[in-house]
Amino acid sequence: MVSLRCKLAVNQELNDLGLKHAVVELGTVELLEEITETQRDILRQRLKKLGLELLDDRKAILIEKIKNAITEMIHYSEELPKENYSDYLSDKLGYDYTYLSNTFSEVKGITIQQFIILNKIERVKELILYDELNLTEISYKLNYSSVAHLSKQFKKVTGLPPSYYKQLQKNRSNNLEDL
């Protein structure tokens, strides 16, 4: 659950099933009572119809928490934490970073750092499209050491320099306006 719409949909399904709950957050639901296997199966089926998945496996749940913490940090925070991402994740999730890192890599096949970079580049793309900040401001906002570092990472992930990506998107939107 990474959006308000997802949280509202899950909340509605829980209410429809009469399941008392305290919290519906990004990737987490805190139920106030035990549920039966039948209720769990019905909830699983309803969530699947919404494109969501009920996770029971402890590792899968931890991976989702890591992904959600990173997504929230990069896409929904006004400012990225000044501390190391490893310290941030460890503090937020209450686990040793080595354990988080090893579990994530084992299950996802990429490192947490690679996942963070992919998310930061997606955020850079969004900010480029909004056209409210220049690359210097974007690099500062996302804690890059320099515009050159941002550009190098952007090109490595997308195959394009940020300026060329921006121009492609402008041309694309201009073409759509002509329709």
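A polar contact is a pair of N or O atoms within 3.5 Å, where, within protein, one atom must be able to donate a hydrogen and the other to accept it. In this predicted model, one such contact joins the side chain of N119 to the side chain of H75, at 3.2 Å. This pair offers a starting point for the description that follows.

N119 lies in helix α6, which comprises residues 112-130. Is N119 buried or exposed? Its relative accessibility is 10%, and because buried means under 20%, N119 counts as buried. The side chain of N119 also reaches the backbone oxygen of F115, at a distance of 3.0 Å. When residues up to four places away in sequence are set aside, N119 touches I70, T71, I74 and H75. With regard to S146, N119 is 27 residues away in sequence and 18 Å away in space, taken from C-alpha to C-alpha.

H75 leads to helix α3, which spans residues 58-76. The 19 residues of α3 should span 27 Å at 1.5 Å a residue, and its end C-alpha atoms lie 26 Å apart, so the two values agree. Which residues of α3 are buried? They are L62, I63, I66, K67, N68, A69, I70, T71, M73, I74 and H75. The cover over these buried residues includes α4 (85-93), α5 (97-108) and α6. Among the residues of this list, I70, T71, I74 and H75 are touched by N119.

The packing of α3 against α4 may be considered next. Two packed helices are described by the angle between their axes and the distance between the axes. The axes of α3 and α4 come within 11 Å and cross at roughly 120°. That angle makes α3 oblique to α4. The contact is formed on the α3 side by K65, I66, A69, I70, E72 and M73, and on the α4 side by Y85, Y88, L89, K92 and L93. The crossing of the two helices, α3 and α4, is right-handed. I70 of α3 thus has a place in both descriptions: I70 takes part in the contact with α4, and I70 is touched by N119.

Note on methods
Residues are numbered from 1 along each chain as its sequence is written. This is a predicted model: local features need pLDDT of at least 70, side-chain atom pairs count only at pLDDT 80 or more; totals for chains, interfaces and linings use all residues. Side-chain values use heavy atoms; hydrogens and water are left out. Helices (H or I, at least four residues) and strands (E, at least two) are DSSP runs, numbered from the N terminus. Buried means under 20% relative accessible area, exposed over 50%, partly exposed in between (1.4 Å probe, protein chains only). Contact means heavy atoms within 4.5 Å. The expected span of a helix is 1.5 Å times one less than its number of residues. Axes are lines fitted to C-alpha atoms, for helices over the stretch in contact, and angles run from 0 to 180 degrees between N-to-C directions. Angles under 35 degrees count as roughly parallel, over 145 as roughly antiparallel, 65 to 115 as roughly perpendicular and the rest as oblique. A crossing is left-handed if the near helix is turned anticlockwise from the far one by less than a right angle, and right-handed if clockwise.
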